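Trainee: I am new to this structure. Could you take me through it, one question at a time?

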Amino acid sequence: MNFRTMSLQLLSFAICIGGYSQPGNPDSLKRILASVSSSVERAEILLQLADSYRTQDPDTSLFYARKALTIAQQHNDAIKKTRAEFYLASYSYMMGKPED
């Protein structure tokens with residue numbers, strides 16, 4: 001991976017985290033998830049669900065982050081993959097296992 005690609009990914013990730021707004025209502029997101037057919041859109045909603053549950057229900061957040069990671073890997077989507085890995089790392093940290 002060259003420097004430019006890595007810089008762009010890090011910048012995109014920083015914008016996603018820096019532009020953080022209140023997460024959507026999990027129930028609304030679940031309804032949308034059930035009706036979405038595009039796997040790229042599905043991954044985005046899964047990431048939003050992972051964010052919604054990150055502090056209140058880390059196990060559920062982990063579930064959605066893993067699903068999003070699988071889709072991101074299938075589509076070689078580095079940004080969504082990085083975001084999913086962030087939620088996986090957040091889970092480890094919340095569970096007191098930051099080394100995982």
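Mentor: Keep in mind that this is a predicted model. We begin with a pair of charged side chains.

Trainee: Which residue forms a salt bridge with Glu 85, and how far apart are the closest N and O atoms?

Mentor: Side chains of opposite charge can pair when their charged atoms come close. The cut-off for a salt bridge is 4 Å. Glu 85 meets it with Lys 81, the closest N and O atoms being 3.9 Å apart.

Trainee: How many residues apart are Glu 85 and Lys 81 in helix 5?

Mentor: Both residues lie in helix 5. About one helical turn separates them, because Glu 85 and Lys 81 are apart by 4 residues.

Trainee: Is Lys 81 buried, partly exposed or exposed?

Mentor: Buried means under 20% relative accessible area, and exposed means over 50%. Glu 85 falls in between, at 37%. Lys 81 has 33%, so Lys 81 is partly exposed.

Trainee: Which residues are joined into one network by salt bridges that share partners?

Mentor: Take two bridges that involve Lys 80. Asp 77 meets Lys 80 at 3.5 Å, N to O. Glu 44 also pairs with Lys 80, with closest N and O atoms 4.0 Å apart. Shared partners of this kind make one network of Glu 44, Asp 77, Lys 80 and Arg 83.

Trainee: How many salt bridges does the structure hold?

Mentor: We have met Glu 85 with Lys 81, Asp 77 with Lys 80 and Glu 44 with Lys 80. These are among the total, which is 4.

Trainee: How far apart in sequence are the parts that Glu 44 and Lys 80 tie together?

Mentor: Glu 44 and Lys 80 form a salt bridge. Glu 44 sits in helix 3 (residues 39–53), and Lys 80 in helix 5 (residues 78–94). The pair therefore ties together parts separated in sequence by 36 residues.

Trainee: Is Lys 80 buried or exposed?

Mentor: Its partner Glu 44 is partly exposed, with a relative accessible area of 23%. The cut-off for buried is under 20%. Lys 80 has 14%, so Lys 80 is buried.

Trainee: Which residues make the nonpolar surface patch of about 320 Å²?

Mentor: One of them, Met 94, is found in helix 5. Met 94 is partly exposed, at 35% relative accessibility. The patch is made by Tyr 93, Met 94 and Met 95.

Trainee: Are helix 2 and helix 3 roughly parallel or roughly antiparallel?

Mentor: The axes of helix 2 (residues 26–35) and helix 3 come within 10 Å. They cross at roughly 160 degrees, and angles over 145 count as roughly antiparallel. Helix 2 and helix 3 are therefore roughly antiparallel.

Definitions and conventions. Residues are numbered from 1 along each chain as its sequence is written. This is a predicted model: local features need pLDDT of at least 70, side-chain atom pairs count only at pLDDT 80 or more; totals for chains, interfaces and linings use all residues. Side-chain values use heavy atoms; hydrogens and water are left out. Helices (H or I, at least four residues) and strands (E, at least two) are DSSP runs, numbered from the N terminus. Buried means under 20% relative accessible area, exposed over 50%, partly exposed in between (1.4 Å probe, protein chains only). Patches are made of residues with over 30% relative accessible area and no salt bridge: like charges are joined within 9 Å, nonpolar side chains (Val, Leu, Ile, Met, Phe, Trp, Tyr) within 5 Å. Accessible areas come from the Shrake-Rupley method with a 1.4 Å probe; for residues, only the protein chains shown count as cover. Axes are lines fitted to C-alpha atoms, for helices over the stretch in contact, and angles run from 0 to 180 degrees between N-to-C directions. Angles under 35 degrees count as roughly parallel, over 145 as roughly antiparallel, 65 to 115 as roughly perpendicular and the rest as oblique.
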